[in-house]
Amino acid sequence: MPNPTWFRKRLQDPFLKKAHREDLRSRAAYKLQEIADKYKLIHSYSKVLDLGCAPGSWTQVVRRFLGPKGLVVGIDLLPVEPVEGATLLQGDITDPAMQAAIGRLCPGGFDLILSDMAPHTTGIHHADTERSAELVGLVLDLCGRWLKPGGACLAKVFEGAEYPALRQRAKGLFGFAKTVTPEASLARSREVYLLGTGFRGARVARPDQPPPAPSPSPTEPPAPSPTPGLKMGRKKPAGEG
Ligand SMILES: C[S@@+](CC[C@H](N)C(=O)[O-])C[C@H]1O[C@@H](n2cnc3c(N)ncnc32)[C@H](O)[C@@H]1O
């Protein structure tokens, strides 16, 4: 039986009401919308990776910014209903097979890597912040593999003892790094978003790795070869051949 106070608050939540009206799958959409508008993160031609995308509201927001040359790839442990024009994968981003599939989808690299990933919480503060920090550490590693020079990253973190080191690392990787808390984040939540823009390049992030190859063409990248265990889907936008 849901807690009546929780239930009443949800019914009154303006972001939830707005999400229903605007056909967005979750109130989380407005966190990305606010940050993307303020920092001009998404352009019509952007190639965007959306980590932890279920139920899909960030993917929906990204899609609304994109034109025909844009791309959004979303991944989640959970299945996600198709989002028109998005490529969605089901799997674990820590899995090397999943990482290889993503690399094949956008060989020229991404302009923006988003992560709204949240670990399963235990209720034990330091355990939850540690697991969240591990995920963000992985996201920063992936920036070194896939982010184009000048690109941006936005990653959710449960703020804890590990956070200052993560922010410091982001400052080394990006020309500009900042902690942002969007209005739609619940007041009781410990989540913040680590934003980095002006990525300095793969050589700074991973001196052992070459930078991503330049994009072969401004058109859609080739479809990935099916990988066993991956559930994939891309719903074509209306009018796309
Ligand atoms: C808060 S939800 C994301 C909400 C989403 N941004 C939206 O707007 O609809 C966090 C998601 O992170 C996913 N997640 C957590 N760890 C993951 C991992 N290792 N790989 C892929 N997804 C993960 C969870 O399954 C969960 O659906």
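Alanine 161 and the ligand site

In this predicted model, alanine 161 lies in the loop that joins strand S5 (147-158) to helix H7 (163-173).

User: Why is alanine 161 called exposed?
Analyst: Its relative accessibility is 74%. The term exposed applies over 50%, so alanine 161 counts as exposed.

User: Which separation is found between the C-alpha atoms of alanine 161 and threonine 129?
Analyst: The two C-alpha atoms are 7.6 Å apart, although 32 residues separate alanine 161 from threonine 129 along the chain.

User: What makes the pair formed by tryptophan 58 and the ligand a polar contact?
Analyst: A backbone N or O atom of tryptophan 58 is 3.1 Å from a ligand oxygen atom. The cut-off for a pair of N or O atoms is 3.5 Å, so this pair is a polar contact.

User: What places the backbone of leucine 77 and isoleucine 93 in polar contact with the ligand?
Analyst: For leucine 77, a backbone N or O atom lies 3.4 Å from a nitrogen atom of the ligand. For isoleucine 93, a polar backbone atom is 3.1 Å from a ligand nitrogen atom. Pairs within 3.5 Å qualify, so both residues make polar contacts with the ligand. Of the 610 Å² that the ligand exposes when taken alone, the protein buries 86%.

User: Where does the ligand sit, and which residues come nearest?
Analyst: The largest pocket holds the ligand. Of the 18 residues around the ligand, the nearest are Ser57, Trp58, Asp76, Asp92 and Asp116.

User: How many residues of the shell around the ligand are nonpolar, polar and charged?
Analyst: The shell has ten nonpolar, four polar and four charged residues.

Note on methods
Residues are numbered from 1 along each chain as its sequence is written. This is a predicted model: local features need pLDDT of at least 70, side-chain atom pairs count only at pLDDT 80 or more; totals for chains, interfaces and linings use all residues. Side-chain values use heavy atoms; hydrogens and water are left out. A residue is near a molecule or strand if one of its heavy atoms lies within 4 Å of it. A polar contact is a pair of N or O atoms within 3.5 Å; within protein, one must be able to donate a hydrogen and the other to accept it, and residues adjacent in sequence count only if both atoms are side-chain atoms. Accessible areas come from the Shrake-Rupley method with a 1.4 Å probe; for residues, only the protein chains shown count as cover. On a 1 Å grid over the protein atoms alone, a cavity is a set of points where a 1.4 Å probe fits but cannot get out, and a pocket is an open set with protein on both sides within 12 Å along at least five of seven lines; lining residues have an atom within 4 Å of a point. A molecule sits in a cavity or pocket if more than half of its atoms lie within 2 Å of its grid points. Ala, Val, Leu, Ile, Met, Phe, Trp, Tyr, Cys and Pro count as nonpolar, Asp, Glu, Lys and Arg as charged, and the others, Gly among them, as polar. Helices (H or I, at least four residues) and strands (E, at least two) are DSSP runs, numbered from the N terminus. Buried means under 20% relative accessible area, exposed over 50%, partly exposed in between (1.4 Å probe, protein chains only).
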